[in-house]
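Colleague: Could you take a close look at one part of this model for me, the charged side-chain pairing, and then walk me outward to what surrounds it? A connected account would suit me best.

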Amino acid sequence: MEKEEEIQLVEKAKRGDDNAFSQLYEQYYPFLYKYLLKLTLHEDLSKDLAQDTMLKCYKHLHAFNGDSKFSSWMISIASRAYIDSLRKKRRENNWLQQVKTSLSRQLSWASKTKGMEWSHHFLDFNKLEADIRVPILLRHYYGYSYEEIGKMLGIKAGTVKSRVHNGIKLIRKEWTENE
């Protein structure tokens with residue numbers, strides 16, 4: 001799209017011509033989607049971010065002053081949306097980790113009050129991701145073989161063995177750092 005044509009479409013869209021914005025959308029959506037796909041490496045997330053970005057462009061088109069190309073302005077909005085999504089995901093992961101730690105402590109306390117023996121290492125164990133924690137629990141607490149666990153989880157026995165080994169290595173590292 002020529003710069004002059006782009007400027008005319010933006011001006012028309014600013015005056016409320018939805019057809020003009022639709023033309024901008026059709027022109028730049030594929031470019032925007034490919035940019036986001038390169039950032040996220042995730043199709044669904046890229047589609048969501050592209051939709052959010054185009055909606056923000058539509059809502060805030062009056063703020064576009066034409067100092068840069070429309071596509072540059074759109075990419076700056078998309079980049080901030082991507083960074084915001086990473087921050088949101090990080091906050092959610094931190095919150096989830098706090099919930100897991102709190103639940104582990106509550107369970108440990110409840111077990112002690114009922115006279116059940118509960119290892120203080122349980123807290124470290126519950127910090128592990130589920131795909132590592134489950135094989136360790138099945139192997140070392142319930143005594144299943146790597147092959148049995150692999151069948152239960154639909155993964156190869158070698159993968160189970162690797163996850164158990166790496167998980168225990170992580171717990172040992174945590175214990176060493178806490179001593």
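**The salt bridge and its surroundings**

Modeller: Happy to! With a cut-off of 4 Å between a side-chain nitrogen of Lys or Arg and a carboxyl oxygen of Asp or Glu, the count comes to one salt bridge. Please keep in mind that this is a predicted model. The partners are R87 and D84, whose side chains meet at 3.5 Å, N to O. Side chains of opposite charge can pair when their charged atoms come close. Both residues belong to helix α4, which covers residues 70-113, and they sit three residues apart, about one turn of the helix. An α-helix has 3.6 residues a turn, so residues three or four places apart point the same way.

How accessible are the two partners? R87 has a relative accessibility of 44%, so it counts as partly exposed. D84 is also in the partly exposed class, with a relative accessible area of 39%. Both values fall between the limits of 20% for buried and 50% for exposed.

Now for the helix that carries the pair. The 44 residues of α4 should span 64 Å at 1.5 Å a residue, and the end C-alpha atoms are indeed 64 Å apart, so the two values agree. Just after α4 comes G115, with a positive phi of about 80°.

α4 also has a packing partner in α2. Two packed helices are described by the angle between their axes and the distance between the axes. For α2 and α4, the axes come within 10 Å and cross at roughly 45°, so the two helices are oblique to each other. Their crossing is right-handed.

Following the chain on from α2 brings us to L41, in the loop between α2 (18-40) and α3 (43-59). L41 is not a glycine, and yet its phi is positive, about 60°. Its relative accessibility is 73%, so L41 counts as exposed. C57, by contrast, is placed in helix α3, and at 0% relative accessibility C57 counts as buried. If you would like a sense of distance, C57 and Q106 are 49 residues apart in sequence and 47 Å apart in space, C-alpha to C-alpha.

The UniProt record gives this region a name: an unreviewed entry lists "domain: RNA polymerase sigma-70 region" at residues 24-91. Over residues 24-91 the chain is 82% helix and 0% strand, with the end C-alpha atoms 34 Å apart.

The record has another domain further along. In an unreviewed entry, UniProt places "domain: RNA polymerase sigma factor 70 region 4 type" at residues 126-169. There the chain is 75% helix and 0% strand, and the end C-alpha atoms are 14 Å apart. Helix α6, residues 130-141, has 12 residues and reaches 15 Å from its first C-alpha to its last, close to the expected 16 Å. Its buried residues are I132, R133, P135, I136 and L138. After α6 comes G143, with a positive phi near 80°.

α6 packs with helix α7 (residues 146-153) at an angle of about 135°, and their axes are 10 Å apart. α6 and α7 are therefore oblique to each other, and their crossing is right-handed. To come back to your request, the salt bridge itself joins the side chains of R87 and D84, both in α4.

Definitions and conventions. Residues are numbered from 1 along each chain as its sequence is written. Side-chain values use heavy atoms; hydrogens and water are left out. Helices (H or I, at least four residues) and strands (E, at least two) are DSSP runs, numbered from the N terminus. Buried means under 20% relative accessible area, exposed over 50%, partly exposed in between (1.4 Å probe, protein chains only). UniProt positions are given in the numbering used here, feature names are shortened, and annotations may be inferred rather than shown by experiment. The expected span of a helix is 1.5 Å times one less than its number of residues. Axes are lines fitted to C-alpha atoms, for helices over the stretch in contact, and angles run from 0 to 180 degrees between N-to-C directions. Angles under 35 degrees count as roughly parallel, over 145 as roughly antiparallel, 65 to 115 as roughly perpendicular and the rest as oblique. A crossing is left-handed if the near helix is turned anticlockwise from the far one by less than a right angle, and right-handed if clockwise.
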